[in-house]
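Got your viewer open? Load the model, switch on side chains, and let's walk through it stop by stop.

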Amino acid sequence: MVETFPITTYFMLLFLFLSFLVSTLGEPKLSTNCRSSKLQNPVYQNRKLQNLDIISKLRDDHDAIKLASSDYGNMVHEIPASILYPTSINDIETLIKFAHNNSAPFTIAARGQGHSVRGQAMARNGVVVNMRSLKNHRNGFGITVSETPSMGFFYADVGGEQLWIDVLNATLEHGLAPASFTDYLYLTVGGTLSNAGISGQTFRYGPQISNVYEMDVITGEGDFVTCSPEKNRKLFYAVLGGLGQFGIIVRARIALEPAPKRVKWVRMLYNDFSAFTKDQESLISLNGRKQNNALNYLEGLLLMDKGTPENWRSTFFPLSDHSRIISLVTKYGIIYCIEVAKYYDDYTLNSVDKELQVLFEGLSFIPGFTFEKDISYIDFLNRVQSGEQKLQSQGLWDIPHPWLNLFVPKSHISDFNSIVFKDIVLKRNITTGLVLVYPMNRNKWDDRMSAVIPDEDVFYTIGFLHGSGFNDWETIDLQNKDILQSCYNAGVEVKQYLPNYKTMEDWKNHFGMKWRTFQERKAQFDPKMILSPGQRIFNNN
Ligand code: FAD
């Protein structure tokens with residue numbers, strides 16, 4: 001499906017684009033009048049004279065630049081030359097082809113929701129593709145659900161620009177849903193598949209990247225390629241967890257399962273870390289996809305705030321229990337909380353409680369400190385949205401977010417508790433957010449994919465999901481650096497999830513055995529190193 005363009009078109013685009021990039025190159029910072037040269041800009045002067053559709057879809061106005069040079073992290077700001085608002089997949093192909101064939105190729109970053117925290121979806125002096133713009137031009141085919149029970153499986157074909165919440169709502173109309181989610185659903189399919197997409201379902205169903213049958217990708221050479229484990233498999237495995245380095249995902253075929261109706265959502269408190277992890281590991285050992293007595297979701301979190309046991313993402317504990325939970329936190333410093341969910345429907349309504357009872361037998365939580373909620377499936381999956389709405393209304397959603405996400409091998413999780421939770425986080429007491437701790441099974445991941453995980457059968461994800469004041473995020477960031485350094489000093493081999501490194505050497509260490517393959521894939525699919533420069537892997541100066 002590689003489209004060819006007349007050579008004259010290329011030359012015209014080349015001239016217009018170069019003039020355009022030159023006019024904006026090196027712009028020092030965003031200001032309200034930063035686009036004041038627009039009338040002199042040859043692109044706009046010539047717009048009516050030429051017939052190149054893509055030019056009319058490039059924006060360099062203040063609002064477009066402001067959006068493309070910021071993200072959820074609100075710590076990194078890179079100004080692009082322009083932003084493409086595509087109305088078709090062809091627009092993206094044209095742009096990438098043009099950049100690739102240019103004697104001075106410019107960089108291109110797909111931007112989903114911009115919910116990265118370190119500028120990963122930005123492109124300094126390059127072009128940002130606002131993927132969400134595609135959503136309005138799919139003619140009703142942004143999310144299509146295929147029900148072919150005779151084939152034994154269900155799937156949805158979804159645009160890379162679609163939000164997971166929209167995928168969920170569309171599939172629920174058919175009584176189906178993806179099996180693996182992120183905690184927060186207002187993220188794009190392309191954005192999470194470029195990382196992994198993890199949550200409490202991962203221990204059983206794998207990350208979101210393990211739940212994809214096929215994709216359409218536009219490579220760094222501008223080629224439209226359909227890939228799957230059977231067809232163009234090298235590209236398929238490269239792109240999943242590939243940090244946007246090999247192509248822009250414009251369609252993904254996502255595995256679906258019959259959707260349940262309701263959820264038993266339970267939290268249990270621990271004051272002993274080894275009891276907490278032992279129970280988590282025991283609960284995730286029951287993990288067959290078809291093993292109906294297994295849990296559907298398991299996470300864990302730290303309670304350290306002596307003011308409230310709740311966090312920004314969800315309110316869970318009954319108000320009447322707050323004071324006794326706070327007393328526990330005051331007494332022990334850190335309380336560990338296991339959070340699990342078991343889905344049910346009309347058929348399992350009468351057995352779900354019994355199944356949970358069996359699963360909880362022999363667990364070592366503090367007696368009297370289990371809490372249960374019964375909510376609808378959609379409310380459970382969308383549980384973070386109310387937290388977002390609250391923060392938005394308080395003007396606290398756009399604060400800096402110096403997040404740090406790590407994967408820690410099971411063999412080091414106890415060291416991690418002493419070195420990091422107790423000796424750094426608890427002692428410094430500057431945590432202003434949520435800390436997640438939960439295990440996953442390596443066999444639910446596919447090592448052929450680009451995503452990097454520790455080399456142990458069970459490993460933990462640790463999420464320091466901090467928020468900060470506008471001027472003090474560096475203090476938290478310093479703590480993040482100390483956490484990484486302390487792990488390194490103690491020989492605790494951690495891998496970053498949503499990784500952020502500054503040097504090629506660090507990236508090499510991150511990828512370890514996979515580095516060579518990663519480099520080879522880059523040379524094959526994006527030889528001019530055009531795509532996702534904000535990851536700073538191949539464009540790290
Ligand atoms: P962007 O930030 O827009 O892009 C991320 C990267 O992917 C960039 O390099 C970009 O160039 C590239 N990219 C974007 N779209 C495409 C595409 N179509 N094709 C190829 N490359 C593309 N992650 C989890 O795994 N689990 C969670 O539970 C979770 N919860 C979160 C909660 C919140 C509130 C936030 C802010 C983030 C959370 N994340 C979570 C992290 C999130 O998955 C990543 O930040 C993800 O990249 C965000 O998706 P996005 O659509 O905003 O991507």
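The tour below starts at the ligand, moves on to strands and ends with aromatic rings. Keep in mind throughout that this is a predicted model.

**Stop 1: the ligand**

Select the ligand and bring up its surroundings: 33 residues surround it, and the closest are Ala110, Gly112, Ser116, Thr188 and Tyr497. Now look for polar atoms. Pick the side chain of Tyr497, where an N or O atom is 2.6 Å from an oxygen atom of the ligand. Next, select Gln535: an N or O atom of its side chain lies 2.9 Å from a ligand oxygen. For Ile198, show the backbone instead, since a polar backbone atom there is 2.8 Å from a nitrogen atom of the ligand. How much of the ligand does the protein bury? Taken alone, the ligand exposes 950 Å², and the protein buries 97% of that.

**Stop 2: a four-stranded sheet**

Switch to cartoon and find the open sheet whose four strands run in the order β1-β2-β4-β3, with mixed pairing. Which strands sit at the edges? They are β1 (58-59) and β3 (108-111), each of which pairs on one side only. Colour β3 together with β4 (residues 127-130), and you'll see a parallel pairing over four bridges. To check the register, click Arg111, which stands opposite Asn130 in β4.

**Stop 3: strand β15**

Jump to residues 404-409, which make up strand β15. Six of its six residues are buried, so the strand is largely enclosed by the rest of the structure. Turn on the side chains and look along the strand: Leu404, Leu406 and Val408 point one way, while Asn405, Phe407 and Pro409 point the other, and all are buried. That fits the general picture, in which side chains of a regular strand alternate between the two faces of the sheet.

Now add the partners. β17 (residues 458-465) runs antiparallel to β15, joined to it by six bridges; select Leu404 and you'll find Phe464 of β17 opposite. β18 (residues 495-497) is antiparallel to β15 too, here through three bridges, and Leu406 stands opposite Gln496 in β18. Tyr497, from the ligand stop, falls within the range of β18.

**Stop 4: aromatic rings**

Time to show every Phe, Tyr and Trp. How many aromatic pairs does a search of the whole structure find? The count is 37. Zoom in on Phe416 and Phe421: their ring centres are 5.3 Å apart and the planes meet at 80 degrees, so this pair is edge-to-face. Phe416 is buried, at a relative accessible area of 0%, and Phe421 is buried with 0% as well.

For a stacked pair, go to Trp515 and Phe518, whose planes are at 20 degrees with the centres 6.4 Å apart. Both belong to helix α17 (residues 515-525) and sit three residues apart, about one turn of the helix. Trp515 counts as buried at 7% relative accessibility, and Phe518 is buried at 2%.

**Stop 5: a ring cluster and its arginines**

Finish by selecting Trp265, Tyr297, Phe316, Phe317, Tyr343, Phe369, Phe371, Tyr377 and Phe380, which ring pairs link into a cluster. Then add two arginines. The charged end of Arg267 sits over the ring of Phe317, 5.2 Å from the ring centre. Arg383 lies over the face of Phe380, 4.5 Å from the centre of that ring.

Methods:
Residues are numbered from 1 along each chain as its sequence is written. This is a predicted model: local features need pLDDT of at least 70, side-chain atom pairs count only at pLDDT 80 or more; totals for chains, interfaces and linings use all residues. Side-chain values use heavy atoms; hydrogens and water are left out. Rings of Phe, Tyr and Trp (its six-membered ring) pair if their centres lie within 6.5 Å; planes under 30 degrees apart count as stacked, over 60 as edge-to-face and the rest as tilted. Buried means under 20% relative accessible area, exposed over 50%, partly exposed in between (1.4 Å probe, protein chains only). Helices (H or I, at least four residues) and strands (E, at least two) are DSSP runs, numbered from the N terminus. A charge sits over a ring if NZ of Lys or CZ of Arg is within 6 Å of the ring centre and within 35 degrees of the ring normal. A residue is near a molecule or strand if one of its heavy atoms lies within 4 Å of it. A polar contact is a pair of N or O atoms within 3.5 Å; within protein, one must be able to donate a hydrogen and the other to accept it, and residues adjacent in sequence count only if both atoms are side-chain atoms. Accessible areas come from the Shrake-Rupley method with a 1.4 Å probe; for residues, only the protein chains shown count as cover. Two strands pair if DSSP finds at least two bridges between them.
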